[in-house]
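Here are my comments on the model you asked me to look over, set out as numbered points so that each can be checked against the coordinates.

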Amino acid sequence: VIIPHKCILQTSSTNASLIPTSSAIANIPTAAVSSISNQDYPTYTILGQSQYQACYPSSSFGVTGQTNSDAESTTLAAATYQTEKPSVMVPAAAAPRLSSDPSPSPSLTQTTPSKDADDQSRKNMTGKNRGKRKADASSSQDSELERVFLWDLDETIIIFHSLLTGSYAQKYGKDPTVVIGSGLTMEEMIFEVADTHLFFNDLEECDQVHVEDVASDDNGQDLSNYSFSTDGFSGSGGSGSHGSSVGVQGGVDWMRKLAFRYRKVREIYDKHKSNVGGLLSPQRKEALQRLRAEIEVLTDSWLGTALKSLLLIQSRKNCVNVLITTTQLVPALAKVLLYGLGEIFPIENIYSATKIGKESCFERIVSRFGKKVTYVVIGDGRDEEIAAKQHNMPFWRITNHGDLVSLHQALELDFL
């Protein structure tokens, strides 16, 4: 039984312990694990299911407000991951809520049928925002670039979707109860940050491809004392319960309030891109540290291996990492922060393909960086491979740890 995604935080909020013990294994029956493991990807549909009623996180989560702390434990630094397995942590079961970049396809070089369900789900999405789009952010360094690396996120840089389905556990002989539990706990934390700090309750149905897409509707008003909770904005656009001050969706007033939210999202991301712990209570910060270490052990240092290539590219003055994900933009930003990738991907280098698809995202990126730059696409699935072929970009397929190791070797030898 799939619980509506907006209720996941509420259903879990009664758990006083933020770091469940191994006794929670009994809470996930073997039959349930088997059922989850055998589900097809369409169960984890792309976000934006407006038919579900909205539920909001309980204060028992202990999430603190935004702080001014600039320091965070080095265990949350992007390149720091534990290599020794901590005590097993199995969270209480929760229903999946987050869709992600689809599961990997097996072929290393040829197009294969995968991610079709996700592609169809994405194509069926109809974005409700009709706002104007501002040109993507660029800097003076862009003109000096020689190579742009276009990264997929899930199952390429991180393992996420296959944790939720149990397919990773099945493929690599891991305990499905522990693997699925860890995935669900990370999913819950992603939405905790997205809902509490990044206005996802307001922006879920106003998804954008890029954080600057509605910036042209921003009048530059000082938001220091602005009250987002009382400005009457409704993400679904002007329901009568908020009064006439809300404005019609797509209207000037509505678009201005939408732009304010995306400006604030950017500010929060920039402030906490190397300090996500500043958005969490001490208990949740500790839980995140343990969870990330646990996932690194379960995935045999998948993220740590991917980071070697990411950091090598970042160290080159004439190269840049760009992220294109099929997760909606706001939860994708929360995911990037929680996995410690904020320093690797500035917010202006993150694109969501949920509304327009990866091929259209590639077009926008080429328009931004120009045609003289060499583009390299790194991903696990069919949609980015097809998009790469359409734009005559080389494609590096990631299906296992060996592919990540080979990628790093190719970069070290300057083949890429």
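The points below go from the overall fold to one helix, a group of aromatic rings and an internal cavity.

1. Please keep in mind throughout that this is a predicted model. The protein contains 14 helices and 5 strands, and of its 416 residues 55% count as buried. Among contacts between residues at least 6 apart in sequence, 83% join residues at least 24 apart.

2. Helix α14, residues 401-412, has a length that can be checked by simple arithmetic: at 1.5 Å a residue its 12 residues should span 16 Å, and because the end C-alpha atoms lie 17 Å apart, the expected and modelled values agree. The expected span is taken as 1.5 Å times one less than the number of residues.

3. The two ends of α14 also deserve a look. At the N-terminal end N400 acts as a cap, with a side-chain oxygen placed 3.0 Å from the backbone nitrogen of G402, while after the helix comes D414, which has a positive phi, near 65°.

4. Which residues of α14 are buried? They are H401, D403, L404, L407, H408, A410 and L411, so that in the list of buried positions two histidines and an aspartate appear beside leucines and an alanine. These buried residues pack against the strands β1 (147-151), β4 (374-379) and β5 (395-397), and also against the helices α5 (167-172) and α10 (302-315).

5. The model holds 6 aromatic pairs. One of them is formed by F199 and F228, whose ring centres are 4.7 Å apart and whose planes meet at 50°, which is why the pair is classed as tilted; the tilted class covers plane angles that are neither under 30 degrees nor over 60. The two residues are 29 apart and link distant parts of the chain, since F199 sits in the loop between α6 (176-197) and α7 (200-203), and F228 in the loop between α7 and α8 (252-272).

6. Both F199 and F228 are buried, and together with Y226 and F260 they form one aromatic cluster.

7. Where is the largest cavity lined? A search of the whole structure gives 1 cavity of 30 Å³ or more, and the volume of the largest cavity is about 60 Å³. Of the 10 residues lining the largest cavity, I295, E296, T299, L303 and Y339 are the closest to its centre. Helices α9 (282-298) and α10 each supply at least two lining residues, and the largest share, 3 residues, comes from α9.

Key:
Residues numbered from 1 in each chain as written. Predicted model: local features only at pLDDT ≥ 70, side-chain atom pairs only at ≥ 80, totals over all residues. Heavy atoms only, no water. Phe/Tyr/Trp six-rings, centres within 6.5 Å; stacked < 30°, edge-to-face > 60°. Helix = DSSP H or I, 4+ residues; strand = E, 2+ residues; numbered from the N terminus. Buried < 20%, exposed > 50% of the residue type's maximum accessible area, 1.4 Å probe, protein only. Contact = heavy atoms within 4.5 Å. Polar contact = N/O pair within 3.5 Å; in protein donor to acceptor, adjacent residues only side chain to side chain. 1 Å grid on protein atoms, 1.4 Å probe; cavity = no way out; pocket = protein on both sides within 12 Å on 5 of 7 lines; lining within 4 Å. Points joined across faces, edges and corners; volume = space filled by probe spheres on them.
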